[in-house]
Each structure stands twice: as structure tokens, then as C-alpha cells.
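Got the viewer open and a selection box ready? Let's walk through this one stop by stop.

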Amino acid sequence: MIDVIEYSKYEKNNLLKILEERNNTKSNNIEDKVRNIIETVKDYGDRALINFTKQFDNIMLEDLRVTEDEIEEAYNSVDKEFIDILKESKENIKAYHEKQKKLDYIYTKENGVYMGQRIIPIESVGVYVPGGKAAYPSSVLMNVIPAKIAGVKKIVMVTPPSLNGEVNKNILAAAKISGVDEVFKVGGAQAIAALAYGTETIEAVCTIVGPGNAYVAEAKRQVYGKVGIDMIAGPSEVLIIADEAANEKFIAADLMAQAEHDEMASSILITTSMNLAKKVNNEVKVKVEDLDRKEIVKKSLQSYGKIIVCNNIDECIDISNKISPEHLEILLKNPIEYLEKIKNAGSIFLGEYTPEPMGDYFAGTNHVLPTCRSARFSSPLSLDTFTKKSSYLYYSKEALLNCGEKVVKFAKEEGLTAHGNSIKVRLEYEEN
């Protein structure tokens, strides 16, 4: 089912190449298709959204907006136990992200000089939530709650309608619980275009967040600069580090859990034990047949699943740091002892009773994470995604006179005499 490789016989760069190529499988003309959709929405607004919804979703909408009555009706129709779970998950997410708040600061450098920084919420945010074939209320909570804590004034949610023209009731319940201000029945690249440029009904926002298919990801890439975005997410992935004492049933379950996302998902086990590797592989072969999405799981594991057997734990960690996984599970005794050695990972799950789905749904850490090795340079979605910073500076007259000639000299060395003159006129004014 899964390739088992002895690391000493395997070139690490080959694995990295395979994983990176997962994100390059889009059709050659997807950029042009998305560009055309964006330009059409810019030119024709709501009419374009309605036409694209008919074309792509086979639904003819009369109104793009989800009404308060629709949201309330959906909320009341959701299983009460699930409502309670959503609310508890919200509180866990809120508690974790409250710790991310940063404070303004000001300091005095010398007499007559002070400077500082302000943390300012983004004014408006658009949240894209996948719909149609799959509905993820967890994505609503993960994207909206940090924005609310950050102080965003307006949060707009867009999501594709189902074949009956309605929005998934669990998504609407999560929107109500998390505090979304407006919801619209539109998906795909056209929804991203509407959030970026605005239409008659949908007001343009400052930042767009949320996962989506290849068209949504490409649309976010193309509108970046007009608006901010969280990240351009690729296929999901998990990497597990384990030794001979780990439970093969747990590992097999976790590998398959990630593989059921889609055929492009990557599930990797790195271990010091060939015996564990074989047991995990056998467990997967048996248990995969019980899964609802077994065909997707099989294709994912066959294409991008790997079990790598290393000589020691340090070698396991070295490979993990090179791969820079979205999700990293450390199934070792006293796993926190290895935390400082982990340099690149989106989110880290410590111990055999902390499987990755705990972070997906309930624990409180965010599940919007960097993929495709981007954990080397980027971070999970957080309050920072929904805030910006402004610096400020004050010099008194005396302070400027004290150092002005130095600035004039600096500007002259760069050949920007007008910059120097901006200082010089003030110095000459005071001399006279």
C-alpha cells in the first residue's frame, strides 16, 4: 500500500521533489481562466456572479445574500449536540488565540525624540468557505474567531450554494456562532473577485482568508496586492515521527485520516524501526477497506504516502525539517523534549493521544496552516493575519538640529538631494 524505504538507500531530494510537484498539477490554462473570471466580475458585478453560479454550480439564484431568517432557520435545524460542540470548540479557539494579542509600544530614545508602534485591526475581512461536495464548519470557526478577537469590524463570508440553492446548514450555524456579519451564496474564483473588487451587493474587503480548490487558490494569488490574503494553500499533509514503541494502529489511522482529504494529500511516517514500518503498512492494508472514502485514501497513499526507516531519531527530525510538513505528529516518549529541534512545521502534535484531528476541530490551535514546504518561511493563521502595524516618530526642533547634518550627508551619499534639502531647509531656517 505504502512504499517502505530505508533512508540510507534513498535520496532525500527525490522525496522533496515529489512533494513539491503536488502543487504543480493545475492545468496550463487555469491562470487564464481565473483571470477572465476576475475581469468579468470587475466589469459586470452581480450579473457575472449569478451567471457564473449558473454555469459552474447549476443554480440560478435570484438573490446572492443569505438572509437572517435563513441563518436562524438553519441554526435551529442543526442537531443540538453538534451546536454545543461547535460552541465548545469556539471557546477553545478563542482561549488559544486570545494569548496572541500584542500591545502597542512607545519609547523615548533621547530628549525630544520618541517613537513607537500601533497594532491596528484590518477593517474588513472576507472568509471563503468551501461548499458543494464538502462542507467544513470548522473552517468558519478557525477563520472568523481570530478575526473577531483581532477587532475586525466587518466579516463577510462567501460559500457556494448546494444544488437546491441553499447554503449548508452546519456552515450557517458556525457562521452565527462565530459572529459573521454577512453571508453570500457564491463560490469559486468569482467569489474571490467579488471580495477583492466589490459588486453592487458585495462590498470589497481588505483581506481574504479561507481554503478552496485550485481556482480559488489561483484567484487569491491574482488579487493579492489589491487585497491581503492569508496564504495560498496546497494539498494537505501529515508527517509522523515514531520509534519502535509506537502503536501501529494509531499511526495507520492518522495516515489514513490525512489521506482521505483528497488524492493529492501526503501522509508520511518516519521511524527508526523497520518492524514498526511493516506493521503500519499491514494495518493500513486491512483497515483502509473499512473507510467510506477508501478509493481516495488508496490513491493518496499510493502516490504520496511514504514510510522512511532511519538510523536514529536525529535523522528522522532532519528529514522532517527538510520536508517542513503542514502537520507534524511526534509519537515518541516525552515528545516535548524534541520540540526545540523542530525548525519547520505548521502545527506540532505531541504524543500518541494528540492526533492531528484534535487540532482540526476542537483543541483551539488553528488548522489553517502552511503547506507544500512553506512552513520554512510562513506561519499558521493567527491574530497577525487580521492586524497591521503603523510606526510613528516624533523629533523636537532641538533633536532635529542635533543630528540634521548627518541626515543631509546620508541623503547626499545616496544621490537624493531633495531628501537632504527637506532637512536642510529646516536647519537654515533656524540659523536665520
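How many bridges join strand S4 (residues 124-128) to strand S5 (residues 154-159)? Select both strands and you'll find five, with S4 and S5 running parallel. Keep in mind throughout that this is a predicted model.

**Stop 1: the five-stranded sheet**

While that pair is on screen, pick out Gly126, which stands opposite Val156 in S5. Now widen the selection to the whole open sheet: five strands in the order S6-S5-S4-S7-S8, with parallel pairing. Its edge strands are S6 (182-185) and S8 (228-229), each of which pairs on one side only.

Next, add helix H6, residues 137-150. H6 packs on this sheet and touches S4, S5 and strand S7 (207-209). Sight along S5 and compare directions: H6 makes about 165 degrees with S5.

**Stop 2: the six-stranded sheet**

Move over to the other open sheet on this tour, where six strands follow the order S1-S11-S10-S9-S12-S13. The pairing is parallel here. Colour S1 (3-6) and S13 (347-350) to mark the edges, since each pairs on one side only. Ignoring direction, neighbouring strands of this sheet are turned by 15 degrees against each other on average.

Zoom in on S9 and strand S12 (residues 327-331), a parallel pair held over five bridges. Within that pair, Ile240 stands opposite Glu329 in S12.

Which strands does helix H13 touch? Select residues 313-323 and you'll see H13 packing on the sheet against S9, S10, S11 and S12. The direction of H13 makes about 155 degrees with that of S10. Then bring up helix H11 (residues 274-287), which lies across S1, S9, S10 and strand S11 (306-309). H11 runs at about 165 degrees to S11.

**Stop 3: the cavities**

Stay with S9 and S10 and switch on a cavity display. A search of the whole structure turns up two cavities of 30 Å³ or more. The largest holds about 50 Å³ of space.

What lines the largest cavity? Select Leu19, Arg22, Glu237, Val238, Leu239, Ser266, Ile268, Ile323, Pro325, Cys372 and Arg373. Strand S9 (237-242) and strand S10 (266-271) each supply at least two of these lining residues, and S9 gives the most, with three. Colour the lining by class and you get seven nonpolar residues, one polar and three charged.

For the second largest cavity, with about 40 Å³ of space, select Gly210, Pro211, Gly212, Val216, Ala217, Lys220, Met231 and Ala233. This lining splits into five nonpolar, two polar and one charged.

**Stop 4: an open pocket**

Now for a pocket rather than a cavity. The second largest pocket has about 190 Å³ of space. It is lined by 13 residues, and the closest to its centre are Asp230, Pro380, Ser382, Asp384 and Thr385. By class, the lining of the second largest pocket contains four nonpolar, five polar and four charged residues.

**Stop 5: two helix crossings**

Hide the sheets and select helix H2 (residues 30-44) with helix H3 (residues 46-57). Their axes come within 6 Å and cross at roughly 140 degrees, so H2 is oblique to H3. Show side chains for the contact: Ile37, Thr40, Val41 and Tyr44 on H2 meet Asp46, Arg47, Ala48, Leu49, Phe52 and Phe56 on H3. The residues of this H2 contact with H3 are seven nonpolar, one polar and two charged.

The last selection is helix H4 (residues 68-77) plus helix H7 (residues 169-178). Are H4 and H7 roughly parallel or roughly perpendicular to each other? The axes of H4 and H7 come within 8 Å and cross at roughly 105 degrees, so these two helices are roughly perpendicular. The H4 side of the contact is Glu70, Ile71, Glu72, Ala74, Tyr75 and Ser77, while H7 brings Lys169, Leu172, Ala173, Lys176 and Ile177. Colour the contact of H4 with H7 by class, and there are six nonpolar, one polar and four charged residues.

Terms used:
Residues are numbered from 1 along each chain as its sequence is written. This is a predicted model: local features need pLDDT of at least 70, side-chain atom pairs count only at pLDDT 80 or more; totals for chains, interfaces and linings use all residues. Side-chain values use heavy atoms; hydrogens and water are left out. On a 1 Å grid over the protein atoms alone, a cavity is a set of points where a 1.4 Å probe fits but cannot get out, and a pocket is an open set with protein on both sides within 12 Å along at least five of seven lines; lining residues have an atom within 4 Å of a point. Grid points are joined across faces, edges and corners, and a volume is the space filled by probe spheres set on the points. Helices (H or I, at least four residues) and strands (E, at least two) are DSSP runs, numbered from the N terminus. Ala, Val, Leu, Ile, Met, Phe, Trp, Tyr, Cys and Pro count as nonpolar, Asp, Glu, Lys and Arg as charged, and the others, Gly among them, as polar. Axes are lines fitted to C-alpha atoms, for helices over the stretch in contact, and angles run from 0 to 180 degrees between N-to-C directions. Angles under 35 degrees count as roughly parallel, over 145 as roughly antiparallel, 65 to 115 as roughly perpendicular and the rest as oblique. Contact means heavy atoms within 4.5 Å. Two strands pair if DSSP finds at least two bridges between them.
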